[in-house]
Amino acid sequence: MGRVTERRKVLRIRDGAVSTRPDTLVAEEPLEIRLNGKPLAITMRTPGDDFALAAGFLVSEGVLADASDLQNIVYCAGATADGSNTYNVVDVKTAPGVILPDFGLERNVYTSSSCGLCGKASLDAVRTTARWPIADTPRLRVTTELLAELPERLRTAQRVFDRTGGLHAAALFTEDGELLDVKEDVGRHNAVDKLVGRALQNGELPLSRTVLLVSGRASFELAQKAVMAGIPVLAAVSAPSSLAVDLAAETGLTLVGFLRGSSMNVYAGEDRIALPQGAVHG
């Protein structure tokens, strides 16, 4: 839709020299997600792959688990007072017979590009029940050498980041390191939703033999999204939160943090990590 980036005039100061020039910025706009006509959530996102984002969000919320659960997704016309379509409101219609979770009294979630879901009543409300347990049989095994290569492969695939420097990214890899899909967004949780939503639309859930790599940190929410999609390995280039580690340990998710070159920390599910031959435990 041509709205991924925008141009703005900036005052550039370099080593005492001052100039005025246009700069390319990543776009950020609100997206309202409606479920069967009723408002459910608002997220600040980078426009693009909005239907996949909405579908992935509803996978993490326990609404959708299979392509057959989804009837259609449409942009809502008449979203403004003059009746125009802003392409910032989508309505997700579930297939007949899909049982919706109890979202509570008029639940309306606001999600920001920095922190993900906000306003959940309690931790229990976030711990949605996964439709599939993590079931990679035979057990997926990933070498540390392969994991070390993934951040650079992700960085190479980040097309918009090269122009703006202002985007998070999430990528799905096979257990052999083949890049399956990559999405960028101002919010890392949105990037993951776009990946999962596209997989749902293609009938590929659960993603039981994949590795999910995210730029930045691994929050509880990102760990939850991986679990809800049946992903067995989540790796992040920065730190995980304590709740993300707890959830990984509870669900059998392999969680890797501080993935930088050949260095990494494995916080849970270390049995899926094939250590280098001759590795010495200190």
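The protein chain exposes an accessible surface of about 13400 Å², and 52% of that area belongs to carbon and sulfur atoms. Please keep in mind that this is a predicted model. The chain has 282 residues, of which 49% count as buried, and its secondary structure consists of seven helices and 16 strands. Among contacts in the chain with a separation of 6 or more, 54% are between residues 24 or more positions apart.

**The nonpolar cores**

- The largest nonpolar core has 50 residues, and within this core L205 and L212 touch the most other members.
- Setting aside neighbours within four places in sequence, L212 is in contact with A170, A171, L172, V192, L195, A226, I231, V233, L234 and A235.
- There is also a second, separate core, made of 17 residues, with L147, F173, A235 and I273 among them.
- A235 is thus worth a look in the viewer: this residue is one of the contacts of L212, and it is included in the second core.

**Helix α1, the enclosed one**

- Helix α1 spans residues 50-60, and 10 of its 11 residues are buried, so the helix is largely enclosed by the rest of the structure.
- The buried residues are D50, A52, L53, A54, A55, G56, F57, L58, V59 and S60.
- D50, listed among these buried residues, is charged.
- Leading into the helix, D49 sits in the loop between β4 (38-45) and α1.
- D49 has a phi near 55°, which is a positive value in a residue other than glycine.
- With a relative accessible area of 30%, D49 counts as partly exposed, because that value lies between the 20% limit for buried and the 50% limit for exposed.
- Just after α1, G62 also takes a positive phi, here of about 80°.

**How α5 packs against α1**

- The axes of α1 and α5 are 6 Å apart, and the two helices pack at an angle of about 90°.
- That angle makes α1 roughly perpendicular to α5, since 65 to 115 degrees is the range for that label.
- On the α1 side, the contact is made by F51, A52, L53, A55, G56, F57, V59 and S60.
- On the α5 side, the partners are N190, D193, K194, V196, G197, R198, L200 and Q201.
- Sorted by class, this contact has eight nonpolar, five polar and three charged residues.

**How α5 packs against α6**

- Helix α5 (residues 188-201) and helix α6 (residues 220-228) have axes that come within 10 Å and cross at roughly 5°.
- The pair is therefore roughly parallel, as angles under 35 degrees count that way.
- R188, H189, V192 and D193 in α5 meet E221, L222 and K225 in α6.
- By class, the contact has two nonpolar, one polar and four charged residues.
- Two α5 residues in this contact reappear elsewhere: D193 also takes part in the contact with α1, and V192 is one of the residues touching L212.

**Cis peptide bonds**

- The bond joining T137 and P138 is cis, with omega about 0°.
- P138 lies in the loop between α2 (123-126) and β9 (142-143).
- A cis bond also runs from L205 to P206, where omega is near -5°.
- P206 belongs to the loop between α5 and β12 (210-214).
- L205, which precedes this proline, is also one of the two residues touching the most other members of the largest core.

**Two strand residues to check**

- F258 is found in strand β14 (residues 254-260).
- The phi of F258 is near 50°, a positive value in a residue other than glycine.
- F258 is partly exposed, as its relative accessible area is 31%.
- K9 has its place in strand β1 (residues 5-14).
- K9 counts as exposed, because its relative accessibility is 70%.
- Not counting residues up to four places away in sequence, K9 touches T20, R21 and P22.
- The C-alpha atoms of K9 and R21 are separated by 5.7 Å, although the two residues are 12 residues apart along the chain.

Methods
Residues numbered from 1 in each chain as written. Predicted model: local features only at pLDDT ≥ 70, side-chain atom pairs only at ≥ 80, totals over all residues. Heavy atoms only, no water. Axes fitted to C-alpha atoms, helices over the stretch in contact; angles between N-to-C directions. Helix = DSSP H or I, 4+ residues; strand = E, 2+ residues; numbered from the N terminus. Parallel < 35°, antiparallel > 145°, perpendicular 65-115°, else oblique. Contact = heavy atoms within 4.5 Å. Buried < 20%, exposed > 50% of the residue type's maximum accessible area, 1.4 Å probe, protein only. Areas by Shrake-Rupley, 256 points an atom, 1.4 Å probe, with all protein chains shown as cover. Core = buried A, V, L, I, M, F, W, Y, C linked by side-chain atoms within 4.5 Å.
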